[in-house]
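Let's take a walk through this fold together, one sheet at a time. Have the model open and turn it as you read.

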Amino acid sequence: MRNTRDMATRNDALTDVAGLRVGHARVAGDRALSGTTVVLAPEGGAVAAVDVRGGGPGTRETDALDPRNLVQRIEAVVLTGGSAFGLDAAGGVMAWLEEQGRGVPVAPGHVVPVVPAACVFDLGRGGDWAARPDASTGRAAVEAAAGTEPGAPVESGDVGAGTGAVAGGLKGGIGTASTVLEGVGADGADVTVAALVVANAAGSVLDPETGVLYGLHFGAGDTPGPPEYPAPAVHAAARLRLEEARAASGPPPLNTTLAVVATDADLTRAQAHKLAGTAHDGIARAVRPVHLMNDGDTVFTLATGAVPMDPVNPLTFNNVLAAGADVVTRAIVRAVLTARGVKGPGGDFPSYRELYDIN
């Protein structure tokens, strides 16, 4: 059956994949700048995969997603700040899922939720290195996700795992985007592909010669056409301000860009793994350099399976692969454009809009 969803109701967000919910939680405290984001799958779970390209990843339960291993579907993915310490947030999500009876059945009345997680490095960016997510932060984020309505908008910018995100000296954050591929599924059905990204890169998202975000060169803006170039004087002042901010914030620490790419297509675990891999191209378009030794760049894939793919022509899957990279690039651009600058005891991280005087 053809997907007849009204395009005007779409949020251009991960939640445009029916059944997915997103929740954010922030670590409390004046000197805290970190948080957790949870992507909650429909009850019964989603086919999942992961591809790690960064040289310094911090992850949990990613081996379970290998297509050769036992677990077929998962109920949630956790993206979190706090570096490896922040992976404790997954414990809170795991406990909540167990209370709901959601997970891998292991005995009558008992489940073990498999909760893959990945972290970004944001330690000390608010001034307190001990202010990082824990199990209570994860529980708050998954409860926030569960409390949203189906298809709800997803907040971007300085929220959840993007609270303390920094991308090449600029304030980063959470971004999201989606697209509908018309007629790609079986019997001419439409397929939705979407992404949610935590932009926290060691590399730059900004072309130093022009002041344009790299992702905009690939049509990743909200308006069609080529990017608008800042005036030379504006760009020169922005470069000087960013250099001063970088100097005030000390040497660049460990970083990471995280993404969840989701689709309502019925993918095999091998196809989901392929989608996670090609989605990294979307990071490479928007961040330069990328996948460094001090990055932990990680992409998760979720496939809800609502729309069968064409069983006769496997090459229609190429459309999903291409779209996955595209929505990741757009989500990174949106993360940077919706972030607000932060200046405090943990460092000086101006926003792109602040530097280029964009309202």
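In what order do the five strands of the open sheet that contains β3 and β11 follow one another? They run β3-β14-β13-β12-β11, and the pairing is mixed. At the edges stand β3 and β11 (173–181), each with a single partner strand, so one side of each is left without a neighbour in the sheet. Direction ignored, neighbouring strands here are turned by 15° against each other on average. Please keep in mind throughout that you are looking at a predicted model.

Let's start at the β3 edge. Strand β3 covers residues 47–52 and is mostly covered, with five of its six residues buried. Its partner is β14 (residues 298–307), and the two pair in the antiparallel sense over six bridges. One pair to look for is V52, whose bridge partner in β14 is T298.

T298 is a good place to pause. Is this residue buried or exposed? Its relative accessible area is 0%, so T298 is buried, the cut-off being under 20%. Leaving out residues up to four places away in sequence, T298 touches V50, D51 and V52, along with T59, A118, T257, L258, A259 and H280. Its side chain also has a polar partner: a polar atom there lies 2.7 Å from the backbone oxygen of G296. For a sense of scale, N359 is 61 residues from T298 along the chain, and their C-alpha atoms are separated by 32 Å.

Now step across to the next strand of the sheet. β13 joins β14 through seven bridges, and these two strands run parallel. Within β13 (residues 258–265) you will find T263, and the bridge partner of T263 in β14 is A303. With 0% relative accessibility, T263 counts as buried. Which residues does T263 contact, leaving aside its neighbours within four places in sequence? They are V17, V191, T192, V193, L275, L302, A303 and T304. With T192 there is a polar link as well, since the side chain of T263 reaches the backbone oxygen of T192 at 2.8 Å. A90, by contrast, is 173 residues from T263 in sequence and 23 Å away in space, C-alpha to C-alpha.

Two helices pack on this sheet. Helix α4 (residues 269–286) touches β3, β13 and β14, and its direction makes about 40° with that of β3. Helix α5 touches β11, β12 (191–199) and β13, making about 145° with the direction of β11. How well does the length of α5 match what its residue count leads us to expect? At 1.5 Å a residue, the 22 residues of α5 (317–338) should span 32 Å, and the end C-alpha atoms are indeed 32 Å apart. This helix is mostly covered, with 16 of its 22 residues buried.

Let's turn to another sheet. It is open too, with five strands in the order β1-β2-β5-β8-β4 and mixed pairing. Its edge strands are β1 and β4 (59–60), each of which pairs on one side only. Further in, three bridges join β5 (residues 76–80) to β8 (residues 117–119), and this pair runs parallel. There, V78 stands opposite A117 in β8.

This sheet has its helices as well. α1 lies across β2, β4, β5 and β8, running at about 155° to β5. α2 packs on the sheet, where it touches β1 and β2, and its direction makes about 145° with that of β1.

A closer look at α2 brings out how it sits. Its 12 residues (135–146) should span 16 Å at 1.5 Å a residue, and the end C-alpha atoms are 16 Å apart, in agreement. The buried residues of α2 are T137, G138, A141, V142 and A145. Seen down the axis of α2, these buried residues fall within an arc of 130°, so they line one face of the helix. They pack against β1 (21–26), β2 (35–40) and α1 (89–99).

Our last stop is a loop. A165 lies in the loop between α2 and β9 (166–167). At 0% relative accessibility, A165 counts as buried. Beyond residues up to four places away in sequence, A165 touches R125, K171, G172, G173, V198, A199 and N200. T148 is 17 residues from A165 along the chain, with 24 Å between their C-alpha atoms.

Technical notes. Residues numbered from 1 in each chain as written. Predicted model: local features only at pLDDT ≥ 70, side-chain atom pairs only at ≥ 80, totals over all residues. Heavy atoms only, no water. Helix = DSSP H or I, 4+ residues; strand = E, 2+ residues; numbered from the N terminus. Expected span 1.5 Å × (residues − 1). Buried < 20%, exposed > 50% of the residue type's maximum accessible area, 1.4 Å probe, protein only. Arc of directions from axis to C-beta. Contact = heavy atoms within 4.5 Å. Pairing = 2+ DSSP bridges. Axes fitted to C-alpha atoms, helices over the stretch in contact; angles between N-to-C directions. Polar contact = N/O pair within 3.5 Å; in protein donor to acceptor, adjacent residues only side chain to side chain.
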